[in-house]
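Please report on the ligand site of this model. Add any unusual backbone features in the loops.

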Amino acid sequence: MLTTHMNYKTDKSFAVEMDSKDPISKYRERFYIPKQKNGEDCIYFCGHSLGLQPKSVRSYIEQILKDWGTLGVEGWFHVKNPWMIYDQILIEQTAKLVGAKPIEVVVMNSLTVNLHLMMVPFYKPTPSRNKILIEYHAFSSDQYAVKSQIQFHGFEPKMSLIEIHPREGEDIIRTEDIESLIEKEGDSIALIMLGGVNYYTGQAFDMERITGIGHSKGCLVGFDLAHAAGNILLKLHDWDIDFAVWCSYKYLNSGPGSIAGCFIHEKHSNNSELPRFTGWWGHNKETRFLMGPNFEPIEGAEGWQLSTPPILQMAALRASMEIFDEVGMERLKAKSDLLTGYLEFLIDEIKSESISIITPWDIKRRGCQLSIRIQGNGKVLHNKLTSQGVICDWREPDVIRVAPVPLYNTFMDVYKFSEILKANIE
Ligand SMILES: *Cc1c(COP(=O)(O)O)cnc(C)c1O
């Protein structure tokens with residue numbers, strides 16, 4: 001089923017034409033594209049795991065190294081981009097990216113760490129309301145985190161963890177099923193914690209609706225946006241989400257293991273009742289260096305920071321966020337829908353029984369990733385694709401995940417991928 005109202009065509013000239021008409025095609029040049037042995041560009045469809053390196057990262061990092069080398073500790077204050085306020089521009093850009101107010105976002109730590117930190121205020125189980133709702137096939141780290149939190153509070157994951165499943169024979173979890181589960185069990189659910197876009201199926205959840213129904217039953221609602229940030233349009237503030245966490249090394253291209261993001265809704269920004277783990281970097285900036293014994297939080301998300309921020313990682317993120325700021329998520333999502341729609345069309349045109357797409361066809365319910373289920377030996381197929389210059393990802397038991405990323409992938413990448421896929425299917 002076509003979703004983008006575009007008359008896609010199977011011949012190569014269509015890809016050439018689409019690339020020539022692409023208003024944001026020039027951004028590919030801002031990234032290093034991994035090369036094959038023969039010197040040609042790889043078809044890099046792995047932005048869902050590690051985004052490519054912006055060429056500007058090097059100069060951002062070198063600036064920090066230079067300032068550190070020439071001025072030592074003075075770099076905190078007396079350089080062009082003082083480290084003391086290095087995060088401020090990131091906060092502005094991040095707020096725009098996720099549809100938040102600056103007071104609602106911060107960059108800190110890494111993803112799983114932030115998920116745990118956010119469960120301190122937002123998972124407060126009681127004997128009658130102690131459950132956490134997650135989605136079936138949630139990312140392993142999220143499953144471990146929520147289970148360990150349940151245990152930490154003296155409850156049993158067997159009793160307190162609910163997984164919402166797709167229906168028998170289906171892959172996508174229906175919103176109405178999520179709703180009816182929350183309607184039925186909401187009184188015992190303390191926290192709803194779903195992936196904004198599920199890493200395995202590529203399904204984007206209806207965050208606004210789920211948050212609304214969750215709140216109506218008295219649940220708190222958070223999302224893991226690892227596969228959503230930089231991929232789909234987000235309006236975290238308007239959707240009234242309590243908290244969200246994400247990493248920045250996938251679609252946000254800030255480099256392996258780089259610094260992560262965190263959103264806490266403004267309505268919680270002055271709530272001193274919320275339990276929190278504290279550190280000096282969350283302390284009122286005016287008096288932080290008086291080193292007093294009593295913690296006084298910065299208002300909003302920044303008050304949840306613990307430690308001195310890693311400036312080198314922030315520099316890498318800054319290079320990438322500058323590009324996002326320039327392009328804007330609206331233009332990215334517009335190209336993304338066309339590009340992924342084209343990929344979907346070409347895969348359908350292969351008309352093979354041994355492949356099927358499990359990602360939703362509705363462009364509101366997905367980002368750029370398509371998850372392709374392979375009948376037969378998918379791992380062998382994945383190896384063949386790799387040896388022919390495609391970088392994509394294999395997930396047990398039977399799925400290849402491909403993500404044409406609108407920032408740096410082309411329609412020609414999609415065309416070539418589909419030709420290689422077709423040639424290697426049994
Ligand atoms: C990538 C990913 C992670 C990884 O967490 P790190 O703490 O950055 O290692 C966790 N959860 C989800 C949903 C992810 O997609």
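Nine residues surround the ligand, each with a heavy atom within 4 Å of it: Leu111, Thr112, Phe139, Asp142, Asp224, Ala226, His227, Tyr249 and Lys250. This is a predicted model, where local features need pLDDT of at least 70, side-chain atom pairs count only at pLDDT 80 or more, and totals for chains, interfaces and linings use all residues. Residues are numbered from 1 along each chain as its sequence is written, and side-chain values use heavy atoms, with hydrogens and water left out.

By class, the shell holds 4 nonpolar, 2 polar and 3 charged residues. Ala, Val, Leu, Ile, Met, Phe, Trp, Tyr, Cys and Pro count as nonpolar, Asp, Glu, Lys and Arg as charged, and the others, Gly among them, as polar.

Polar side-chain atoms of the shell pair with ligand atoms as follows (N or O atoms within 3.5 Å).

| Residue | Ligand atom | Distance |
|---|---|---|
| Thr112 | oxygen | 2.6 Å |
| Asp224 | nitrogen | 3.2 Å |
| Tyr249 | oxygen | 2.5 Å |

Taken alone, the ligand exposes 390 Å², and the protein buries 83% of that. These areas come from the Shrake-Rupley method with a 1.4 Å probe.

Now the loops. Strands here are DSSP runs (E, at least two residues), numbered from the N terminus. Asp398 sits in the loop between strand S12 (393–395) and strand S13 (399–402). Its side chain makes a polar contact of 3.1 Å with that of Arg373; within protein, one atom must be able to donate a hydrogen and the other to accept it, and residues adjacent in sequence count only if both atoms are side-chain atoms. Beyond its neighbours within four places in sequence, Asp398 is in contact (heavy atoms within 4.5 Å) with Tyr200, Ile372, Arg373 and Ile374.

Pro397 lies in the loop between S12 and S13. A cis peptide bond joins Glu396 to Pro397, with omega about 5°. Asp240 lies in the loop between strand S6 (220–224) and strand S7 (243–246). Its phi is positive, near 70°. Most residues other than glycine have a negative phi, and most peptide bonds are trans.

How values were computed: Helices (H or I, at least four residues) and strands (E, at least two) are DSSP runs, numbered from the N terminus.
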